2 protein chains.
Amino acid sequence: MTQTTMGHYLWQRLKQMGIRYVFGVPGDFNLQLLEQLSEVDGIEFVGTCNELNAAYAADGYARSNGIAALITTYGVGDLSALCGVAGSFAEHIPVVMISGVPPMYAIRNRLQLHHTMAEGNFDNVRTALKQFTLTDACLTPANASQEIDRALNYCWQERCPVYLQVPSNLSYLEIKTNDVPITRAPAGFDSRQQQSAMGAIQAKFAKAKRPVMLIDMDAERAQISDQLQQLADRYNIPYASFLTGKAILDETSPLWLGYYPASAESSLSQWLNQADLILATAPCYQEGSPIAVGLPTEQTIYLQGFEVTIAGDVYEGVNAQVLLDSMLEQGLTCTHRSDHPKPPSRRGATYQAQQPLRHEQLWPQIGQYFRGTDIVIGENGCANIALQTLPFPKGCHYIAQPIWGSIGFTLPALLGSMLAQPSKRHWLFIGDGSFQMTAQELSTLLQRGLKPVIVLLNNAGYTIERYIFGKQARYNDIAQWNYQALLDALAPNIRVNYQKVNTHEELAQTLDALTNEQATFIEIQLDPLDAPARLQQFGASFAEFDYGPRGPQHPKKTT
Amino acid sequence: MTQTTMGHYLWQRLKQMGIRYVFGVPGDFNLQLLEQLSEVDGIEFVGTCNELNAAYAADGYARSNGIAALITTYGVGDLSALCGVAGSFAEHIPVVMISGVPPMYAIRNRLQLHHTMAEGNFDNVRTALKQFTLTDACLTPANASQEIDRALNYCWQERCPVYLQVPSNLSYLEIKTNDVPITRAPAGFDSRQQQSAMGAIQAKFAKAKRPVMLIDMDAERAQISDQLQQLADRYNIPYASFLTGKAILDETSPLWLGYYPASAESSLSQWLNQADLILATAPCYQEGSPIAVGLPTEQTIYLQGFEVTIAGDVYEGVNAQVLLDSMLEQGLTCTHRSDHPKPPSRRGATYQAQQPLRHEQLWPQIGQYFRGTDIVIGENGCANIALQTLPFPKGCHYIAQPIWGSIGFTLPALLGSMLAQPSKRHWLFIGDGSFQMTAQELSTLLQRGLKPVIVLLNNAGYTIERYIFGKQARYNDIAQWNYQALLDALAPNIRVNYQKVNTHEELAQTLDALTNEQATFIEIQLDPLDAPARLQQFGASFAEFDYGPRGPQHPKKTT
């Protein structure tokens, strides 16, 4: 045990976890922490325009870096960031949220402060944050080193945000510290459970004639994507992805069956109906998905980070990562048939060069330009829905927020992801309604010299809402902006390749000419009611779900 | 009792309370409510760029209209708006927050939905909102009319936000309704308590030789400003304002003593020390104020909305508005001296026309242009601190958020206040750091044809934080924007009078030429370390408060 200050210890531990950037906004209760951050080499503050954007940026950074940190000031900062933190909680993204809070004596004596309700209550903010974080602590010199380490381990191992309050008058105090560096250690597990789960899985595979793997987002969160791909490749196991598990496994493989759920007539659905073993990892989202009615219990293995359910029998206390590693080491005995369906054919890009851009032809055209080293980010709405079923090249990574679905998330997330993976080309596809939510963060992104390809789908409003309800309604319209002027406004001295494209030919010319010399901003003008076919279907089914079969979406049925 | 739908009843009740605009963002769980809103004449949806901005706009609308409403969609919308709602709670601003939430059957069956944690928990969002609202309810056909009326009465009478959840599949169902229109009725009270409180106050005044009134923001919230002014004028009672109670009473009156707290040598402090009766209404904020050590109990009457404390004796169950009305009707017997100090002299604007603008001379120059019918909005930081002590003409109204202090609040609040008081000229003074937080809302403001005078104090960062800690630190710097281009970007077809001014002469020319023909945006370039003198002192005292007397703001004292 040696001595260091609370603040320095915190930043050093975050750095040891591989966090290079901390997103946030300064405020009087966190300035001393920011000063300490500036004193630690190899970890750096990235000021964003507001705290919600900081939370989104941290989430994006964690998705491409593994784990992230966010710093806010008490009350105003915490609550402004909350929607972003809740998104990380919903989507299992590890973010350490650090709040500079009032001095301990003010909390203890319930002083009436600014950034509070001025009535001496310091529980309300923490209670609100508790709802959307895995664990929380208010650091003191007595508890700091153990609480910091505990929170960081939790955050990493359980892939969820955690919340640490640092009273402003304590972070310069010395604390006893743990000298062993903290690492991204896997969570512990029970070896006998693990062994017995593995035996049960091996037995299932040994008997299976028609096995299949179904991949959802938590496979990536549990960091088992590589092992699952190896398992599929080595044992010739076909696989499909949930729409929310897009591009986690290779979509160009002959083992690839397509996106789940699929239509009843699809070869995927038919294969699944006949499957005698489904390794599912692990659907965490049911609404609008047939998983709501369940996969067949007897045939299904649900694999989660710390839990496997095999034919209804739950094995707690396992570690999926270690389990898959051992399974790959020990090997499977497989006797299954190899007559699984062929991969879905890839539709070539066909379009009429002079025609105005429409969703139907737009996405196949764009998809041709994706490379296996790209990161593609799809905002909720038209972009995500179109990208979810657009075939990606092998290795091309996809970021979206399909569960929490907070529009505006992706622009700051792009900032975060690019800082984590600066050598990867990043694409962002975003509608104008979403873009306007968090538009100012383009400033931080461009002024840091980052060079993404941003494709703005300008359809003058919330087209996803239009297809749910209010197709012609004014409440689904938004203001038109001049996006070229916006680039000048937010990054006055940065050259950005701005292109407004109306036809497929113009788009092709723009995409053909892409370089990594500068950021590119492509504005695509779309009809407000043009939308991907899946969004149109999805909108109608959402209306049924939300308003009921006698809801106002059926005018004649309402009273 | 007649029948109408839940949604229509809600909007009609809000309209009866005098709400003309409802701020918010559409989402699938609230589209049916927005449709119903569009069907009720005389109340209108104002879509903002994001939900936090909607909450700030609603707060600003309530400050100038009396009460406001906000509509969000479940989860993402609620949490995005939360910081703004908490601000309304801290500052006692009545805002009805309406959330379109998932269909009742989904809540009841704990379905795993988008905009939730996808684990069937629908309590977390409501728990978070509960911390910062006075009351909340999830509407059902059985409870809707009584819960709506209860929440609206609470909101109005207690001047605090309330939270109503409307399940998306219920708002088109018919409910039994209350036919008596809802009004801005004052809260009930106990007549004997009221009578006895009034007697005690009258007795205090009858004996007082040196009475004084001390006004804080809750006087305005309790809507007793007019009565207090009448009381002062009729009985020649001198008065001072808390800094947080700026411009509630006439600052040009001979009874005006200045801003409290004041320096020990000031005539106000000396008069207060000799005062034998202090009518204080009602300090709700203590940090950084001598009220923390208390006014003398025996001599002080604390008057709050529903409570009077007279020489330490608490009278619950009164209604300050009714109490003051009766007091004005019955009259006071006053025998006090009239040798109170003269009003503080108004410093004329003196400046060297060709010199770069500096805070010291800037504010008196600007103050000359305020009219008694203007509304002035001061963002936290330099603007609010300078404006708090700038003498205002009689009737000129001031809006700020000194307790919650969430930067970025004022730009959307300007939108709200202007919609409430379109005939009043509005000024907004805001630093660049605050402006960038919520900048996109300029789009809504300008594109609706509103014509404020916005003065942007461009000092390349958070100068208030610089004076607390990190004077030269990079974490207190922000990106430079081109604000003229921003106007083109956010309101492409609106003519805005943009002026960049560097000298007092340029500022004078710009202010002399102001018209109400178009919006004006004045960008003032300031040195990053130029700040009002009070902010410089305030910064140092905040650092002592936050980091302690051995904190890092004293480099030699730290280890």
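Which residue of chain A comes closest to the rotation axis? The legends below take up this point and others in a predicted model, in which local features need pLDDT of at least 70 and side-chain atom pairs count only at pLDDT 80 or more, whereas totals for chains, interfaces and linings use all residues. Residues are numbered from 1 along each chain as its sequence is written, chains are lettered from A in the order in which they are written, and side-chain values use heavy atoms, with hydrogens and water left out.

**View 1. The rotation axis at A128(A).** A128(A) is the residue of chain A that comes closest to the rotation axis, with its C-alpha at 2.1 Å. A turn of 180° with a shift of 0.0 Å along the axis lays chain A on chain B with an RMSD of 0.0 Å, the superposition being by least squares on the C-alpha atoms of residues with pLDDT of at least 70 in both copies. The two copies are therefore related as by a two-fold rotation axis. Both copies use the same surface, since 98% of the contact residues of chain A recur in chain B, where contact means heavy atoms within 4.5 Å.

**View 2. Helix α4 of chain B.** Helix α4(B) covers residues 76-91, 16 residues in total, and reaches 24 Å from its first C-alpha to its last, close to the 22 Å expected at 1.5 Å a residue (1.5 Å times one less than the number of residues; helices are DSSP runs of H or I with at least four residues, numbered from the N terminus). At L82(B) the helix bends by about 50°, the angle between axes fitted to the seven residues ending there and the seven starting there. Because 16 of the 16 residues of α4(B) are buried, the helix is largely enclosed by the rest of the structure (buried means under 20% relative accessible area, exposed over 50%, with a 1.4 Å probe and protein chains only). H92(B), which follows α4(B), has a positive phi, near 60°.

**View 3. The nonpolar core around F435(A).** In the largest nonpolar core, of 242 residues, F435(A) and F435(B) touch the most other members; such a core is a set of buried Ala, Val, Leu, Ile, Met, Phe, Trp, Tyr and Cys residues joined through side-chain atoms within 4.5 Å. Beyond four places in sequence, the contacts of F435(A) include L411(A), W481(A), Y483(A) and F521(A).

**View 4. R550(B) after helix α21.** R550(B) lies in the segment after α21 (533-547) of chain B, and counts as exposed because its relative accessibility is 64%.

Notes
Helix = DSSP H or I, 4+ residues; strand = E, 2+ residues; numbered from the N terminus.
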